[in-house]
Amino acid sequence: MKNKKMISVLMTGVLAAGMLAGCGSSSSTAASTAASTAAGESTAAEATASGDVEEFNLWATGSDNVRAIFETLTEDFNNNSEYAGKYKVNLNFLLSGTGAASMTDGLVAAYKANQTNTEYDIVDFSGDDLSKVVGQIGEESFVKLDDSKIPNNASIAAESSVATDYVQPYRGTTVVLAYDSEKVTNVPTTWDELTQWIKDNPGRFAYNQPGTGGAGDSFARTSVYNFLPTEAFTSDDASWEDQWDEGFAYLAELHPFMYQSGGSVVYPAKNQGTLDLLNQGEIDMCPNWADMVLSQRASGEIKDTIKITQITDLPLTGSLQTLAIPTIGSHEEAAYAFMNYMVSEQAQQIMVEQMAAIPLIDTTNMDLAGYEDLENLDVSNFRIQSIGDLSTDFNEKWDNEIATLG
């Protein structure tokens, strides 16, 4: 009966997510798959440890490169860490766009239904997802962290701006400016300098269509929200829409100076679209994810002359990836062990080498060969943006007012 109750609760969250996402059959299939995965064959309360090894569950969402790094990290934790033979983590990963909302909504639904001893032992959150969950069930839905159980956290200064005492940051991610160092010698470091560079170099800058990739989202939204108060960056209050016009006028002002093909301005699709243009020499600069640029440069997919830099005064948006322990989970001590592992030099080195993640520990003893640019990224300077459903209205306004300028 308990298992059926758990499935019912999770399905409630999944159906809610499906209603928000739309009624397409592919969304329904993804939601159903997520529900069955979350429910599993039995609840964590009914499960027992195998031998002397305590098994627990990690939940995460993201793109395929995130899935790959978690597969590597969980295998390393289980077999090569100081916790090998004591704990075993089982990865439950949902690709973004196919079930990410199901995970967060399932967690929220389980919490609101007063479920206990669930399989939500430890959860990975992006800044947006964390803000949404905390907004619905409060930070008290997570265990207030005991730093003595995460000794590797002692050297980490980075803190989440949301639920600070309840989440453990373990890596940074941010959108930066990627540029061809053979062609750009006077690299802009402020937003005014970037604006002037774009105007002085018509056709040599591009950002991808908002809604097709986070780098283009970041550039467009940062351009608009630079004209708004700081609190707007993390608010889904619809009243902010009334103050978008000045920022959209700025984007319209930049429009004629964007990359052109066939005599018309073109906004590429997806983050890879602008990076391909940069690598091919069609443009000299674009916003892109730091890890995407550095990992592709290290693998030889793009030229080694492509460098990255941060805007210092009004940075493009970034965030801290965090881990949290829901109060409705079943294996708190095991979850603490995994947190401590994730901020160890061992795990941080894996994340640097496999996905060019921005490490949060002191890099003095780390091997950053090929990823030296990471040392220059200031995590404390990241700006987090979470505007909830306003993002849909924002993209529609961009489509109607910027993309149609021709």
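In this predicted model, a search of the whole structure for enclosed space finds two cavities of 30 Å³ or more. The largest cavity holds about 70 Å³ of space, and its lining is made up of F125, S126, G127, L130, S131, S160, S161, V162, L320, T322 and I384. Two or more residues of this lining come from each of the elements α5 and β9, the latter spanning residues 318–324. The greatest contribution is that of α5, which supplies three residues to the lining of the largest cavity. As a general point, empty space of this kind is revealed by rolling a probe the size of a water molecule over the atoms.

With regard to charged side chains, a negative patch is found on the surface, where it is formed by E139, E140, D146, D147, E159, D165 and E332. One of these residues, E140, is located in the loop that runs between α5, residues 127–137, and β4, residues 167–180.

Pairs of opposite charge were also searched for across the whole structure, and 10 salt bridges were found. In one salt bridge, the side chain of R67 meets that of D64, with a distance of 2.6 Å from N to O. Both R67 and D64 belong to helix α3, which covers residues 64–80, and within this helix they are placed three residues apart, or about one turn.

Notes: Residues are numbered from 1 along each chain as its sequence is written. This is a predicted model: local features need pLDDT of at least 70, side-chain atom pairs count only at pLDDT 80 or more; totals for chains, interfaces and linings use all residues. Side-chain values use heavy atoms; hydrogens and water are left out. Patches are made of residues with over 30% relative accessible area and no salt bridge: like charges are joined within 9 Å, nonpolar side chains (Val, Leu, Ile, Met, Phe, Trp, Tyr) within 5 Å. Accessible areas come from the Shrake-Rupley method with a 1.4 Å probe; for residues, only the protein chains shown count as cover. A salt bridge is a side-chain nitrogen of Lys or Arg within 4 Å of a carboxyl oxygen of Asp or Glu. Lys and Arg count as positive and Asp and Glu as negative; His and the chain ends are not counted. The place of a charge is taken as NZ of Lys, CZ of Arg, CG of Asp or CD of Glu. Helices (H or I, at least four residues) and strands (E, at least two) are DSSP runs, numbered from the N terminus. On a 1 Å grid over the protein atoms alone, a cavity is a set of points where a 1.4 Å probe fits but cannot get out, and a pocket is an open set with protein on both sides within 12 Å along at least five of seven lines; lining residues have an atom within 4 Å of a point. Grid points are joined across faces, edges and corners, and a volume is the space filled by probe spheres set on the points.
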